[in-house]
Structure formats: C-alpha cells, structure tokens
Amino acid sequence: MKELKIKTLRLQIRHLRISDLEDFHIYRSNPEVTKYQGFDVMTLKEAEAFIQENAVHYFGEPGQWVQYAIENNETKKIIGDCAIKLDSYDPRIAEIGITISHLEQQKGYAKETLLGIMKFLFEEKDIHRIVEIVDAENEASIKLLESTGFRREGHFIENIFFKGKWGSEFQYAMLQKEWKKL
C-alpha cells in the first residue's frame with residue numbers, strides 16, 4: 001500500500017518512523033499532553049512498540065486507526081501526530097484525532113494539521129463526512145474544531161469511564177458539502 005503524505009505550508013503529515021522515537025516519546029510521556037487523549041503516558045519502550053506496530057498500517061483500511069507523524073518542514077522534527085480511521089461500516093466516513101507536543105502548542109500547528117487532513121479527505125479521497133470526538137473539558141480542541149467549521153452534533157454525558165473517572169464527550173462533524181462552502 002502507498003504511504004500517506006500530506007503537505008501544508010509548514011508541515012508534512014507522513015508515516016511515523018523509528019527515527020521519530022525520541023521526539024515522539026517527549027510529548028507522549030507528558031501527562032498534560034495525554035490528559036484528554038485515549039492513551040496514557042508512554043515509556044520509551046511502549047513508544048517504540050507503538051511506532052513499530054503502526055508501521056504496518058496504511059490509510060484506507062476501514063475500522064483501523066492509523067497514526068501519522070506531523071513533521072515541521074523547517075526543522076525536520078516531529079511536533080505531534082494525528083490519526084485517521086475510516087468507519088468500519090461505511091468507509092466514506094472518517095474519524096480523526098490530533099496530538100501536538102507541549103513544546104509546540106499555540107503556534108497554529110493543530111489548525112494547519114486539521115485543515116490539511118480535511119482537504120486530503122474531502123478533496124482527494126472524496127470522504128462524505130469527518131467526525132471528531134472530544135472530551136467535554138478539552139477547551140482547546142473544542143475551540144479548534146469550531147474555528148474550522150465543525151458542527152457540534154452531540155453531548156454524551158458521562159458516557160466513558162476514562163482515566164479513573166466518568167467523562168463526558170462532544171461529537172463534532174463536518175460534511176463534504178459544508179467544506180465546499182467554506
């Protein structure tokens with residue numbers, strides 16, 4: 001299968017490589033970065049195993065999350081990662097997620113990444129709908145989604161037992177026809 005590559009003005013979204021391990025581990029081992037994520041802090045060995053396991057996954061397999069590095073074009077270092085999963089029942093629907101390193105936040109990288117993924121999915125892959133599930137307390141992600149035109153569709157109250165407590169989530173989505181109007 002072909003490796004995914006998405007280029008934006010400052011970033012490249014590409015497959016994770018074992019050479020990314022040190023930078024990947026720096027933010028994936030930070031509790032503040034993982035606070036709202038579906039994963040917890042990782043040891044170096046866990047981060048290495050994650051990258052190796054992910055290496056055999058490629059875009060286009062319905063029901064399977066694929067994690068991608070977000071590389072800074074100038075420094076050639078990864079500043080975060082993102083994930084895309086096509087729905088297992090209807091691959092015209094995609095779910096996405098983004099993680100930005102604590103060292104690189106508030107520089108517009110999350111928005112640039114999100115817009116790059118949306119353009120790729122809607123314009124190149126003809127995806128009908130993109131969904132994002134976000135912790136109801138994750139104000140930065142909520143602001144990001146709303147600033148890019150995502151619509152809040154649902155509020156799930158205490159629907160997930162997450163990191164030792166019940167959590168609530170919002171579901172956001174955008175249709176391809178809504179993207180075309182932006």
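These notebook entries record what I looked up in a predicted model.

**Entry 1: helix 1 and its cover**

I began with helix 1 (21-28). Six of its eight residues are buried, and the helix is thus mostly covered. I listed the buried ones as Leu21, Asp23, Phe24, His25, Tyr27 and Arg28. I then looked up what covers them, and found that the cover includes helix 2 (31-34), helix 3 (44-54), strand 3 (66-72), strand 4 (78-86) and strand 5 (93-100).

Next I turned to Ser101, in the loop between strand 5 and helix 4 (109-124). Is Ser101 buried or exposed? I noted a relative accessible area of 4%, so Ser101 is buried, the limit for that class being under 20%. Leaving out residues up to four places away in sequence, Ser101 touches Tyr27, Ile79 and Gly80. Of these partners, Tyr27 had already appeared among the buried residues of helix 1.

**Entry 2: a positive patch**

I looked for charge on the surface and recorded a positive patch formed by Lys5, Lys7, Arg17 and Lys76. Arg17 sits in the loop that runs between strand 2 (11-15) and helix 1. Its relative accessible area is 40%, and I entered Arg17 as partly exposed.

**Entry 3: salt bridges**

How many salt bridges does the count give? I recorded 13.

I examined the pair Lys85 and Glu95, whose closest N and O atoms are 3.9 Å apart. Lys85 belongs to strand 4 and Glu95 to strand 5, so this salt bridge ties together parts that are 10 residues apart in sequence. Lys85 is partly exposed at 21% relative accessibility, and Glu95 is partly exposed at 22%.

I also noted a salt bridge between the side chains of Glu146 and Arg152, at 3.5 Å from N to O. Here Glu146 is partly exposed at 43% and Arg152 is partly exposed at 42%.

For Glu153 and Arg151, I read 2.4 Å between the closest N and O atoms of their salt bridge. Both residues belong to a network of salt bridges that links Arg129, Arg151, Glu153 and Glu178. Glu153 is partly exposed at 35%, and Arg151 is partly exposed at 27%.

**Entry 4: positive phi values**

I checked the backbone at Asp126, which is not a glycine yet has a positive phi of about 55°. Asp126 lies in the loop between helix 4 and strand 6 (129-135), and counts as exposed at 54% relative accessibility.

Lys163 also has a positive phi, near 55°. I located Lys163 in the loop between strand 7 (151-162) and strand 8 (165-175). With a relative accessible area of 39%, Lys163 is partly exposed.

Definitions and conventions
Residues numbered from 1 in each chain as written. Predicted model: local features only at pLDDT ≥ 70, side-chain atom pairs only at ≥ 80, totals over all residues. Heavy atoms only, no water. Patch = residues over 30% accessible without salt bridge, like charges linked within 9 Å, V, L, I, M, F, W, Y side chains within 5 Å. Areas by Shrake-Rupley, 256 points an atom, 1.4 Å probe, with all protein chains shown as cover. Salt bridge = Lys/Arg side-chain N within 4 Å of Asp/Glu carboxyl O. Lys, Arg positive; Asp, Glu negative; His and termini not counted. Charge placed at Lys NZ, Arg CZ, Asp CG, Glu CD. Helix = DSSP H or I, 4+ residues; strand = E, 2+ residues; numbered from the N terminus. Buried < 20%, exposed > 50% of the residue type's maximum accessible area, 1.4 Å probe, protein only. Contact = heavy atoms within 4.5 Å.
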